[in-house]
Amino acid sequence: MSFRITGTGSAVPDCVKTNDELSRIIDTSDEWIITRTGIQERHICTHETLTDIAVAAAEAALLNAGAKASELDLIICSLVRGDYITPSLACMVQQRIGAHCPAFDVNAACTGFIYALDVADGFFARDKVKKVLIVSAEAMSKLSDWEDRSTCVLFGDGAGAAVLEPGEGLLSIRLSASGDTEILQIPHVDGNCPFDETQEKRKPYLRMHGQDVYKFAVSAMCGDILAALEDAGLSKNDIDHVLPHQANLRIIEAAQKRLRIPRYKVLTNIERYGNMSSASIPVLLDEANRGGRLKAGDILVMSAFGGGLTTGACVLRWGKEPAPH
């Protein structure tokens, strides 16, 4: 027994910043950003905490599933950094929604949602749970260097959530990791220990080699999707929708063309949100669900890549009827 997704939810901060608005504070332009990334605007946390938007997404997913927080057996959150080092974001969500189950975080950067699905699958396989909440929430605006025009324009903040219950929706899942601190990294905040003799202190902002990420991402997406389809006993022709990590429209379209999957099957919303790290796929899934794009029996393929370097892909059979508008 595996799981099926019975509800989805998402939430984003109120503040929206367009490319033109960013061009007033950094050396960039709307044309430069759109041409290289496909991004037009992104949501930025101002008065909201990461916990605030994670809770909003969680509550929306529970409502969509017709479930109560008291019924949850497990909460898993994926994120890069929460409002606290400890307690975990999952524990904060548990407290705010009124759940009484185990709760913990996973950090696989942008691949976090797919990693969390695989972790949840293990609990279902052992018959340890009947109802699981996954929340992927990210505030990348707090981790970006706002003096680096090549990276700060890429990211946005948001949260996506899914409720899982027993079923046969998961057909296959593939995860990988290849340890690398050069291509993409965010140094941690250092303390003030007077005995610390480690390397020179670095600012805790994201650093990325864009071209290396591009090459890695396109190759990883193509390889992971083909492998996950093979594991599921399916072919590219069986796919109804591909939900890729929304890192860069050029990466998505390059992989789509290499795989020879029709463009209309590949869902995107990067133009409105930018890269929300592990929240990208569940937010995209929630929009497709609530927009009536998904019907029971549809084959969905999800694919992500991120810092670590991590990758993941899964094949799901959608089991939920279209949500009412």
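These legends walk you through a few close-up views of a predicted model.

**View 1. Two cavities turn up in the predicted model.** Searching the whole structure for cavities of 30 Å³ or more gives two. The largest holds about 50 Å³ of space, and the second largest holds about 40 Å³. Rolling a probe the size of a water molecule over the atoms shows where empty space is left.

**View 2. Helix 7, strand 11 and helix 8 help to line the largest cavity.** Look here for Met-221, Ile-225, Val-242, Pro-244, Ile-252, Ala-255, Gln-256, Leu-259, Ile-261 and Val-266, which make up the lining. At least two lining residues come from each of helix 7 (210-232), strand 11 (241-244) and helix 8 (249-259). Which element gives the largest share of the lining? That is helix 8, with four residues. By residue type, the lining of the largest cavity has nine nonpolar residues, one polar and no charged.

**View 3. Helix 7 brings buried residues to the scene.** Two residues that line the largest cavity, Met-221 and Ile-225, are also among the buried residues of helix 7. Others on that buried list include Val-213, Ala-217, Val-218, Cys-222, Asp-224 and Leu-229. How far apart are the end C-alpha atoms of helix 7? They are 32 Å apart, which agrees with the 33 Å that its 23 residues should span at 1.5 Å a residue. Just after helix 7 comes Gly-233, with a positive phi of about 70°.

**View 4. Strand 1 and strand 13 help to line the second largest cavity.** Around this space you will find Phe-3, Arg-4, Ile-5, Gly-169, Leu-170, Leu-316, Arg-317, Trp-318 and Gly-319. Strand 1 (2-11) and strand 13 (308-317) each give at least two of the lining residues. The largest share, three residues, belongs to strand 1. The lining of the second largest cavity divides into five nonpolar residues, two polar and two charged.

**View 5. Strand 1 pairs with strand 7.** Is strand 1 mostly covered or mostly open? Mostly covered: eight of its 10 residues are buried. Strand 1 runs antiparallel to strand 7 (residues 157-167), and nine bridges join the pair. One of the places to look is Phe-3, whose bridge partner in strand 7 is Pro-166. You have met Phe-3 already, in the lining of the second largest cavity. In a regular strand the side chains alternate between the two faces of the sheet.

Conventions. Residues are numbered from 1 along each chain as its sequence is written. This is a predicted model: local features need pLDDT of at least 70, side-chain atom pairs count only at pLDDT 80 or more; totals for chains, interfaces and linings use all residues. Side-chain values use heavy atoms; hydrogens and water are left out. On a 1 Å grid over the protein atoms alone, a cavity is a set of points where a 1.4 Å probe fits but cannot get out, and a pocket is an open set with protein on both sides within 12 Å along at least five of seven lines; lining residues have an atom within 4 Å of a point. Grid points are joined across faces, edges and corners, and a volume is the space filled by probe spheres set on the points. Ala, Val, Leu, Ile, Met, Phe, Trp, Tyr, Cys and Pro count as nonpolar, Asp, Glu, Lys and Arg as charged, and the others, Gly among them, as polar. The expected span of a helix is 1.5 Å times one less than its number of residues. Buried means under 20% relative accessible area, exposed over 50%, partly exposed in between (1.4 Å probe, protein chains only). Two strands pair if DSSP finds at least two bridges between them.
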